[in-house]
Amino acid sequence: MSLPPRVSPSSLRSSRWFGPDDLRSFGHRSRMMQLGYSEADFMGRPIIGILNTWSDLNSCHGHFPERVKDVKRGVLQAGGLPMEMPSLSVDESFTKPTSMLYRNMLAMEVEEMIRSHPLDGVVLMGGCDKTTPGLVMGAITAGVPMIFLPAGPMLRGHYAGKILGSGSDAWKYWDERRAGNITDEEWLGIQGGIARSVGTCMTMGTASTMTSLTEAMGLSLPGASSIPAADSGHQRMGADCGRRIVDMVWEGLTPDQIITPAAVQNAAIVAMATGCSTNAVVHLIAMARRAGIDLTLDDLDALGRNTPMICNVRPSGKDYLMEDFFYAGGLRALMAQLADKLDLSALTVTGQTLGEGIAGAEVYNDDVIRPLSNPVYAEGSLAVLRGNLCPDGAVIKPAACDPKYWVHEGPAMVFDSYPQMKAAVDDENLDVTPDHVMVLRNAGPLGGPGFPEWGMLPIPKALIKQGHRDMLRISDARMSGTSYGACVLHVAPESFVGGPLALLKNGDTVRLDLPNRRLDMLVDEAELIRRRDAWTPPEPRYTRGYGFLFQTHVTQADKGCDFDFLQQSFGRAADEPDI
Ligand code: FES
Ligand code: MG
């Protein structure tokens, strides 16, 4: 044990349920006995909740029914009692309109299930995009000791001698199919080969970005996020999480001791160095704010300017996938390259510092994990824009787009809805040039609704046939972490609530100036005022249910899209009733 024990058996949180000689506690003990446990199983032992985001429809978490057994084995060995608790399985592949609508629902569920049950510590089992921030946000607020167990990436995709990357190659080959270059048989082969094992997307998409930065924040065991789901090391890591969380309970090692401003900055630096998903911005801000740390878009842009992108994993990197990253040394080796930039004194779930966690880490392939002297891209992977189109910010991934778009001026082609845009891009006679700037609005947190991943707007067929594969695109949507291209995203405030994007018209000149971090429409102020006066807000998307709660309380992209009433600064929950 790394830290001295601070918690005695009688002061365990669960002993409030099981300890007293009263009628309520009699009921609790009796129901534990109904479950088949003797008092020796649960009295005076850490009760460990295992929050398992498995479902039959979560293809990335298909190994969790097995993996949870490894976690339980570890908990039992260390003298705790494991209690598996199914948690909202926010899967990325099937959830409509978008999984982002439900991240906060998972966070609420996690917080309340921990608060209301006799749990002394928790292992959070997640990985598919929104599950990581959802689990972590809820557990931060609940405040009991926690370890995040990342699902681990899938093995590399494979078809007909070609390596396939999640998402990225789906987009790429879809464009080729639309251009008539791929047969039905080849398409079926790609379909079966692109996701051929359990685990999360194996590009540096949102899943691997989020599990990596969660590890960098100190919330996972060292190296955990890089282990492929199908590797037996992943089973061993599961048992390690189980053993470690029991010790964390005795040590009283709560998340507030781990998630400090330094830890959040470490996470942000690692995100930039990995070529992270743009979604990282929204989730990292939301997670930090749950810990009472006001991370801003400008903080992230400043860190981005000073952090070279050294992880050559697609889509921002060119050649490799997460399996290669693991063989090259994984996140520990990447963080060792960044040692001079990170705060190595930050505490982690191990009870040791981040520096101790990466001690001895080596890079085994310096084309995958580059030295700072030979980065994939000299600055970090994300840049934050401001301007009269996005006064509260917008995000772009310069490393993933053709540099010729870094400074670009062109006429806007504006779409008010996804179906309208889709009809246009499929029209082979669409009057569009490579200089056009495609714009999709009403696709933000309220407009989407739920902030869907529509931001990699498809290149119009008319341009695809001419051989074009990139163009400047702007939206108030997000995009998948596996996407790429000259896509400006997260425009805030969104058009649905009257952000300036709502005022843009077809043919207006739009100017992107990435070196100066500007995004503007070249329309004079008097005209913009006229357009604003004529603008009427659209009807709300929901009049009942969870969607209504979401639209009433969700914050904008630059604030992390948490619900206002869940933010740490909002107030406090009632004290846990002693009944
Ligand atoms: Fe689950 Fe990509 S679909 S991580
Ligand atoms: Mg994704």
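## The two annotated domains

In this predicted model, residues 367–561 have their end C-alpha atoms 36 Å apart, and the span is 16% helix and 17% strand. That stretch carries a UniProt label, from an unreviewed entry: "domain: Dihydroxy-acid/6-phosphogluconate dehydratase C-terminal".

UniProt has an N-terminal counterpart too, again from an unreviewed entry: "domain: Dihydroxy-acid/6-phosphogluconate dehydratase N-terminal", covering residues 45–356. Here the make-up is 48% helix and 9% strand, with 29 Å between the end C-alpha atoms.

## Helices α5 and α6

Let's look at a helix pair. Helix α5 takes in residues 100–116 and helix α6 residues 131–142; their axes come within 7 Å and cross at roughly 35 degrees. The crossing of α5 past α6 is right-handed.

Who meets whom? On the α5 side the contact involves R103, L106, A107, M108, E109, V110, E111, I114 and R115, while α6 brings T131, P133, G134, L135, M137, G138, A139, T141 and A142. Sorted by character, the residues of this contact come out as ten nonpolar, four polar and four charged.

## Helix α10

Does the length of α10 add up? Helix α10 runs over residues 232–251, and at 1.5 Å a residue its 20 residues should span 28 Å; the end C-alpha atoms sit 29 Å apart, so the two agree.

As for its surroundings, 14 of the 20 residues of α10 are buried, so the helix is largely enclosed by the rest of the structure. Just after α10 comes G252, with a positive phi of about 65 degrees.

## A346 and its neighbours

A346 belongs to the loop between α16 (330–337) and α17 (354–358). Is this residue buried or exposed? A346 counts as buried because it has 23 C-beta neighbours inside 10 Å, where 20 is enough to qualify.

Leaving aside residues up to four places away in sequence, A346 touches G218, T260, A262, A263, N266, T353 and L354. For a sense of distance, take A492: it is 146 residues from A346 along the chain, and 33 Å separates their C-alpha atoms.

## Cis peptide bonds

Most peptide bonds are trans, so a cis one is worth a look. R314 and P315 are joined by a cis peptide bond, with omega about 10 degrees. P315 is part of the loop between α14 (297–305) and α15 (322–327).

A cis peptide bond also links A492 to P493, and its omega is about -5 degrees. P493 sits in the loop between β12 (487–488) and β13 (509–513).

## Positive phi away from glycine

Most residues other than glycine have a negative phi. H490, though, has a positive phi, near 55 degrees. H490 is in the loop between β12 and β13, and P493 is found in that loop too. With 31 other C-beta atoms within 10 Å, H490 is buried.

C561 also has a positive phi, near 60 degrees, and is not a glycine. Where does C561 lie? C561 is in the segment after α21 (545–553). C561 counts as buried as well, because 25 C-beta neighbours fall inside 10 Å.

How values were computed: Residues are numbered from 1 along each chain as its sequence is written. Chains are lettered from A and ligands numbered from 1 in the order in which they are written. This is a predicted model: local features need pLDDT of at least 70, side-chain atom pairs count only at pLDDT 80 or more; totals for chains, interfaces and linings use all residues. Axes are lines fitted to C-alpha atoms, for helices over the stretch in contact, and angles run from 0 to 180 degrees between N-to-C directions. Helices (H or I, at least four residues) and strands (E, at least two) are DSSP runs, numbered from the N terminus. A crossing is left-handed if the near helix is turned anticlockwise from the far one by less than a right angle, and right-handed if clockwise. Two residues are in contact if their C-beta atoms, placed from the backbone, lie within 7 Å. Ala, Val, Leu, Ile, Met, Phe, Trp, Tyr, Cys and Pro count as nonpolar, Asp, Glu, Lys and Arg as charged, and the others, Gly among them, as polar. UniProt positions are given in the numbering used here, feature names are shortened, and annotations may be inferred rather than shown by experiment. The expected span of a helix is 1.5 Å times one less than its number of residues. A residue is buried if 20 or more other C-beta atoms lie within 10 Å of its own, exposed if 12 or fewer, and partly exposed in between; C-beta atoms are placed from the backbone.
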